[in-house]
Amino acid sequence: MWHESMFDPFSVNINTRRGKIISYDRGLFQLNSKSYPHFKASDFFDLRLNVRTGIAHFRTALTDNKGNIRKALYAYNAGQSRVAHPPASTVAYAKSILNKYYSIQTRRESYVAKYKENTYTILLKPLIDNN
């Protein structure tokens, strides 16, 4: 959602090709009417529906690509048929998301290590030293 809409539930992105509007991506997961023709215009801004649909779409992409996150991002962004040869914009999209993901994972691991160290220093070390 961060990359798609910067967490703005009313975000709209206009997609153009050769100066012509080809679709509008809307809501948190930037869903469009080409992929979801049965949605009414207001459905794209229904938070629960948008999030559930976006998650289901990515889960399907992840399953179709045997858990390969990079390929799942390609499929989510450009469609499953373009996974083997994704456009440059899709490669950049996946790289941006993966960089953010790995950055968060690294920070999380750092916090966990610090927490364990502090737990040892505050709780366990005094007990060990006193024995």
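What share of the 131 residues in the protein chain is buried? In this predicted model, buried residues make up 25% of the chain. The surface offers a complementary view: the protein chain exposes about 9,400 Å², and carbon and sulfur atoms supply 56% of that area.

The overall layout is a helpful place to start. The secondary structure comes to 4 helices and 3 strands, and a walk along the sequence gives the pattern α-β-β-β-α-α-α. Among contacts with a separation of 6 or more, 23% join residues that are 24 or more positions apart.

Attention can now turn to the interior. In soluble globular proteins, nonpolar side chains tend to be buried together. Here, the largest nonpolar core has 17 residues, and Leu-31 and Leu-73 are those with the most contacts inside it. Two elements, α3 (69–78) and α4 (88–130), give two or more residues to this core. The largest share, 5 residues, comes from α3.

Leu-31 deserves a visit of its own. With neighbours within four places in sequence left aside, Leu-31 is in contact with the aromatic residues Tyr-24, Tyr-36, Phe-39, Phe-44 and Tyr-76. The list of contacts of Leu-31 also holds Asp-25, Arg-26, Asn-50, Thr-53 and Gly-54.

One of these partners, Tyr-24, leads from the core to the surface. Tyr-24 is found in strand β2 and counts as partly exposed because its relative accessibility is 35%, which lies between the limits of 20% and 50%. Together with Val-12, Ile-14 and Ile-21, Tyr-24 makes a nonpolar surface patch of about 360 Å². Strands β1 (12–17) and β2 (20–26) each supply at least two residues of this patch.

The link between these two strands has a backbone feature of its own. Most residues other than glycine have a negative phi. Arg-18, however, has a phi near 55°, a positive value in a residue other than glycine. Arg-18 sits in the loop between β1 and β2, and its relative accessible area of 81% is over 50%, so this residue is exposed.

Lys-66 provides another example of positive phi, with a value near 50°. This residue belongs to the loop between α2 (47–64) and α3. Lys-66 is exposed because its relative accessible area is 77%.

What is the environment of Asp-43, buried or exposed? Asp-43 lies in the loop between β3 (31–32) and α2. At 16% relative accessibility, Asp-43 is under the 20% limit and therefore counts as buried. When residues up to four places away in sequence are not counted, Asp-43 touches His-38 and Leu-49.

Aromatic pairing completes the tour. A search of the whole structure finds 3 aromatic pairs. One of them joins Tyr-101 and Tyr-102: the ring centres are 5.3 Å apart and the planes meet at 65°, so the pair is edge-to-face. For these tyrosines, the relative accessibility is 38% for Tyr-101, which counts as partly exposed, and 45% for Tyr-102, likewise partly exposed.

Notes: Residues are numbered from 1 along each chain as its sequence is written. This is a predicted model: local features need pLDDT of at least 70, side-chain atom pairs count only at pLDDT 80 or more; totals for chains, interfaces and linings use all residues. Side-chain values use heavy atoms; hydrogens and water are left out. Patches are made of residues with over 30% relative accessible area and no salt bridge: like charges are joined within 9 Å, nonpolar side chains (Val, Leu, Ile, Met, Phe, Trp, Tyr) within 5 Å. Accessible areas come from the Shrake-Rupley method with a 1.4 Å probe; for residues, only the protein chains shown count as cover. A salt bridge is a side-chain nitrogen of Lys or Arg within 4 Å of a carboxyl oxygen of Asp or Glu. Buried means under 20% relative accessible area, exposed over 50%, partly exposed in between (1.4 Å probe, protein chains only). Rings of Phe, Tyr and Trp (its six-membered ring) pair if their centres lie within 6.5 Å; planes under 30 degrees apart count as stacked, over 60 as edge-to-face and the rest as tilted. A nonpolar core is a set of buried Ala, Val, Leu, Ile, Met, Phe, Trp, Tyr and Cys residues joined through side-chain atoms within 4.5 Å. Contact means heavy atoms within 4.5 Å.
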